[in-house]
Amino acid sequence: MTNDWWTSPAQADDGRLIMVSGRRDIDAFRSNPRFSIRINITWEYSDAPDAGMPCDADAALMEQATDSLQAILKADPVAVLTGIYTGAGRRDWVFYTLSTHIFQKKLNEALAPLPLLPLQITAENDPGWEEYAEMRLTEIE
């Protein structure tokens with residue numbers, strides 16, 4: 001399985017730019033009914049320029065977090081990162097998983113080497129992958 005991603009601009013409610021990155025190669029996860037829990041991890045950053053994008057230091061730390069999460073999940077695919085939204089003063093990572101408990105362990109393992117991050121985490125059932133389907137509507141072919 002490759003990491004086939006696309007990126008497209010979108011607009012926040014306040015008109016600021018949000019860059020949406022979505023993953024295409026998730027059919028094996030999406031067709032598995034056990035991957036029905038959506039986890040959203042949000043990092044609100046206040047040190048954003050007027051455009052709402054993260055400063056260079058935050059952007060670098062966000063990339064480290066993303067890379068670490070993807071490496072952990074590649075080794076033990078208990079969840080899949082399906083989307084990343086960046087802009088308007090926040091970054092959101094969207095995952096689908098089979099267990100919040102196992103995902104929490106993997107998240108803690110992935111982020112352990114990094115400094116404490118200002119993350120908010122929510123989970124909800126999304127067996128139809130509605131959020132993913134809506135995100136795919138923003139993809140520019």
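Select Thr-100 in this predicted model. Thr-100 is partly exposed, with a relative accessible area of 40%. That value falls between the 20% limit for buried and the 50% limit for exposed, so Thr-100 takes the middle label. Thr-100 sits in helix H3, which covers residues 100-111.

Which residues does Thr-100 touch, leaving aside its neighbours within four places in sequence? Show Ile-37, Ile-39 and Ala-123: Thr-100 is in contact with these. Now add Asp-4. Thr-100 and Asp-4 are 96 residues apart in sequence. In space, their C-alpha atoms are 25 Å apart.

**Along H3 to H2**

Keep H3 on screen and select helix H2, residues 56-75. The two axes come within 9 Å and cross at roughly 130°. That angle makes H2 oblique to H3. The crossing of H2 past H3 is right-handed.

Next, show the side chains where the helices meet. On H2, pick Ala-65, Ser-68, Leu-69, Ile-72 and Leu-73. On H3, pick Lys-106, Leu-107, Glu-109, Ala-110 and Leu-111. How many residues of each class make up this contact? Seven are nonpolar, one is polar and two are charged.

**Two loops, two positive phi values**

Most residues other than glycine have a negative phi. The next two stops have a positive one.

Go to Ala-88. It lies in the loop between strand E4 (79-87) and strand E5 (90-97). Phi of Ala-88 is near 55°, a positive value in a residue other than glycine. Is Ala-88 buried or exposed? Its relative accessible area is 19%, under the 20% limit, so Ala-88 counts as buried.

Now jump to Trp-129. This residue is in the loop between strand E6 (119-125) and helix H4 (130-136). Phi of Trp-129 is also positive, near 55°. Trp-129 is buried, with a relative accessible area of 1%.

**The rings around Trp-129**

Stay on Trp-129 and turn to aromatic pairs. A search of the whole structure finds five of them. One is formed by Trp-129 and Tyr-132, and it is edge-to-face. The ring centres are 5.8 Å apart, with 85° between the planes. An angle over 60° earns the edge-to-face label, so this pair qualifies. Both Trp-129 and Tyr-132 are buried.

Finally, add Tyr-96 to the selection. Ring pairs link Tyr-96, Trp-129 and Tyr-132 into a cluster. Tyr-96 belongs to strand E5, residues 90-97.

Terms used. Residues numbered from 1 in each chain as written. Predicted model: local features only at pLDDT ≥ 70, side-chain atom pairs only at ≥ 80, totals over all residues. Heavy atoms only, no water. Phe/Tyr/Trp six-rings, centres within 6.5 Å; stacked < 30°, edge-to-face > 60°. Buried < 20%, exposed > 50% of the residue type's maximum accessible area, 1.4 Å probe, protein only. Helix = DSSP H or I, 4+ residues; strand = E, 2+ residues; numbered from the N terminus. Contact = heavy atoms within 4.5 Å. Axes fitted to C-alpha atoms, helices over the stretch in contact; angles between N-to-C directions. Parallel < 35°, antiparallel > 145°, perpendicular 65-115°, else oblique. Left-handed = near helix turned anticlockwise from the far one by under 90°. Nonpolar A, V, L, I, M, F, W, Y, C, P; charged D, E, K, R; others polar.
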